[in-house]
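User: I have a model open and would like to understand the words used to describe it. Could you go through them with me?
Analyst: Gladly; here it is.
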Amino acid sequence: MKQLLKLNEARTSLKQWLQPIRKSERSDRMQLSASKAAFRVMVQKEFSDHIRSWRFAILLAIIVLACIGSIYSAITALQAQGSGSSANSFLFLKIFTLSDGTIPQFTQFVAFLGPLMGIALGFDAVNTERSKGTLSRLISQPIYRDDFLKAKFTASLLLVSIVIFSLGFLVMGLGLIVIGFPPTPEEFIRVMLFLLMAVVYVGFWLNLSILLSVRFKQAATSALFAIAIWIFFTVFYSIIINLVSNAILPDQNGTTEEIMRYYNQMDLLSRISPAELFGDITTTLLMPNVRSLGVLTMEQVTLALESPLALGQSILLVWPQLTALVALTVICFGLSYYWFMRQEIRARS
Amino acid sequence: MEPVIELTRLSKKYDHYTAVNQLDLTIYRGEVFGLLGPNGAGKTTTILMMLGLTERTSGDVKVLGLDPNQHAITIKTKVGYMPDDIGFYDDRSAIDNLIYTARLNGIKEKEARLQAEQLLHRVGLADAATKKVSSFSRGMRQRLGLADVLIKQPEIIILDEPTLGIDPEGVRELLELISQLSKEEGITVLLCSHHLHQVQQVCDRVGLFVKGELVACGNIHQLSQAINQDSLTTIELEIKHYPASLQAALQELEQVVSIQAQSQPNGEEMMTALSISCTEDITPVIAKLAAEHTELYMIHRKGYGLDDIYHQYFEGGETRETALKAK
């Protein structure tokens with residue numbers, strides 16, 4: 001009996017001891033759910049801001065026009081090719097990768113205009129709020145600072161993925177009507193994966209431009225800086241690579257090791273560019289016949305069957321590229337987080 | 001009285017510049033406190049530290065008993081802050097801006113709309129509720145700002161230069177609204193301004209803030225007493241010439257502590273402005289002397305009104321020091 005009483009006593013004391021902890025836990029949880037709700041509200045607001053903006057309408061118009069052009073070009077090329085030997089293998093994917101030479105193919109358009117869309121949606125994300133004085137008002141509401149950045153990124157990325165996927169489906173649908181040849185499940189999955197990768201790629205540019213908008217107080221500066229980086233990687237980087245390549249070109253009569261090393265070095269250099277990474281991904285996913293992204297020696301090629309890669313193998317091949325893209329995105333986000341969290345926020349400064 | 005904001009030895013240093021220096025300040029529940037100081041005195045920096053929007057260099061801040069570095073979110077649900085030159089989303093309507101703020105504070109959409117409508121009515125913007133904020137005048141923006149601060153139903157509101165750029169009538173209305181809020185709803189108000197007159201109309205207590213330091217704190221009466229501590233009376237007069245004979249005569253008076261003379265243009269001619277510190281009020285004597293020696297344009301005894309408090313602390317800080325030295 002006495003023991004039972006003691007036990008009871010111990011239980012009540014334990015309860016008393018636990019109570020404040022539970023209470024604080026509850027308030028923490030309440031705060032957490034409140035902050036989640038605030039995050040959702042911010043995403044909604046950002047998203048509707050983008051949808052309403054002229055900038056988005058113009059971008060969308062450009063991209064849709066480009067896509068329709070590229071489908072037209074792909075279909076004329078397909079028809080010109082006729083029922084050739086390669087017609088039976090992955091015909092559907094050719095809508096995305098084929099061109100009659102006058103207008104670039106769909107993948108090129110995505111690779112070229114995608115970054116522009118990312119930059120356009122992100123370059124003034126933070127600094128415009130700052131210069132309009134809304135940032136200090138917003139940050140004095142009970143929201144976490146990082147939620148603000150995350151909301152900006154999430155809303156824009158959501159928009160980007162909607163645009164890219166709907167474009168992808170548009171192209172597929174049009175292609176289906178015109179060539180009348182349905183995709184195989186594998187082709188469908190490949191296209192979906194390609195669209196997903198495109199979202200990741202645009203997400204990188206989006207994050208880069210948000211980073212610049214945190215760093216630079218003027219929206220014009222961050223826009224110019226982002227466009228400069230974009231132009232550098234799409235235009236100048238390959239020129240520089242060519243120059244370097246000519247400079248370190250080994251002797252024609254060099255050993256295999258030397259030549260291999262040269263090619264590997266060149267690959268490594270060119271893969272610093274996110275555009276190159278995305279190009280690799282596109283090629284591998286949409287052209288299953290591509291077996292390797294590097295050099296292959298004769299030794300490796302002999303006895304290989306000339307057949308397309310299986311889907312799993314293609315994914316395996318682009319895995320490093322995908323990792324690199326995601327890593328670049330994460331680095332940009334980390335940097336903007338670091339800068340933004342430590343920034344002092346005053347009205348209009 | 002329960003303190004709601006406590007600052008102890010609070011300092012903030014930017015690279016080489018000290019914005020706030022060892023500040024001690026306590027604000028109690030329900031009072032309207034005016035933080036008064038010239039531009040760049042560190043008022044805004046102090047507010048930012050209270051809300052955890054900038055990191056402090058040293059010292060301690062407690063807002064509602066909580067440290068803003070650790071409980072920023074809790075504090076921000078209970079404290080409304082209206083920055084100077086407040087910004088809104090220009091392409092949205094006034095009511096949309098308010099609803100957004102309310103929803104960030106965890107208020108459900110329906111309720112938020114209801115509250116926003118009530119508040120807009122209260123600040124006199126009911127007619128402009130659906131207009132875009134870009135079409136608002138400065139005064140309307142400030143009033144919308146007040147509604148924005150109130151929609152979270154705060155315990156404390158901090159207003160940074162709320163009357164900046166509003167016409168006198170607008171200022172009067174805004175100040176009335178503020179004192180009404182504090183009386184009816186028991187909200188603690190911290191008001192930052194460099195307009196002494198406006199602050200004096202609504203504030204229970206005033207803190208004078210110069211170069212990052214609180215030089216005086218109390219109600220207006222206490223402040224003017226503090227200034228009068230040296231119990232000198234200043235008499236100002238304007239005369240045509242300042243002959244040596246007058247100077248000698250003035251200096252002979254035993255009540256005169258110091259004389260400052262300054263020649264000023266008066267139309268085509270020049271005149272002299274004298275400022276005489278005396279231990280006693282001897283205005284009639286001086287007037288008589290001046291009239292004997294030269295032509296007297298104007299004479300008056302300086303009372304310690306609010307303007308003087310302002311001048312003494314902010315602008316005439318140096319003359320005050322010299323006056324003290326002379327004594």
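User: Which residue is the bridge partner of Glu6(B) in S2(B)?
Analyst: The partner is Thr26(B). Please keep in mind that this is a predicted model.

User: What makes strand S1 of chain B and S2(B) count as a pair?
Analyst: Two strands pair if DSSP finds at least two bridges between them. Strand S1 (residues 3-14) of chain B is joined to S2(B) by eight bridges, so the requirement of at least two is met. The two strands run antiparallel.

User: In what order do the strands of that open sheet lie, and why do S2 and S4 of chain B stand at the edges?
Analyst: The order is S2-S1-S4 in chain B, with antiparallel pairing. Strand S2 (17-28) and strand S4 (58-63) of chain B each have a single partner strand, so each has one side without a neighbour in the sheet. On average, neighbouring strands here are turned by 15° against each other, direction ignored.

User: Thanks! Now the helices: why is H3(B) called roughly parallel to H5(B)?
Analyst: Helix H3 (residues 94-104) and helix H5 (residues 138-150) of chain B pack at an angle of about 25°, and their axes are 9 Å apart. Angles under 35 degrees count as roughly parallel, so H3(B) is roughly parallel to H5(B). Their crossing is right-handed.

User: Which residues make the contact of these two helices?
Analyst: H3(B) brings Ala94(B), Asn97(B), Leu98(B) and Thr101(B), while H5(B) brings Leu144(B), Ala147(B) and Asp148(B). By class, the residues of this contact of H3(B) with H5(B) are four nonpolar, two polar and one charged.

User: What about chain B as a whole: how many helices and strands does it have, and what share of its residues count as buried?
Analyst: Chain B has 12 helices and 13 strands. Of its 327 residues, 38% count as buried; the cut-off for that word is 20 or more other C-beta atoms within 10 Å. Among the contacts in chain B with a separation of 6 or more, 69% are between residues 24 or more positions apart.

User: And how many residues does each chain give to the contact of chain A with chain B?
Analyst: Chain A gives 22 residues and chain B gives 23. On the side of chain A that touches chain B, helix H1 (2-52) and helix H6 (134-139) of chain A are the elements that give two or more residues. H1(A) supplies the largest share of that side, six residues. That side of chain A has 10 nonpolar, six polar and six charged residues.

Note on methods. Residues numbered from 1 in each chain as written. Chains lettered and ligands numbered in written order. Predicted model: local features only at pLDDT ≥ 70, side-chain atom pairs only at ≥ 80, totals over all residues. Helix = DSSP H or I, 4+ residues; strand = E, 2+ residues; numbered from the N terminus. Axes fitted to C-alpha atoms, helices over the stretch in contact; angles between N-to-C directions. Parallel < 35°, antiparallel > 145°, perpendicular 65-115°, else oblique. Left-handed = near helix turned anticlockwise from the far one by under 90°. Contact = placed C-beta atoms within 7 Å. Nonpolar A, V, L, I, M, F, W, Y, C, P; charged D, E, K, R; others polar. Buried ≥ 20, exposed ≤ 12 C-beta atoms within 10 Å, placed from the backbone.
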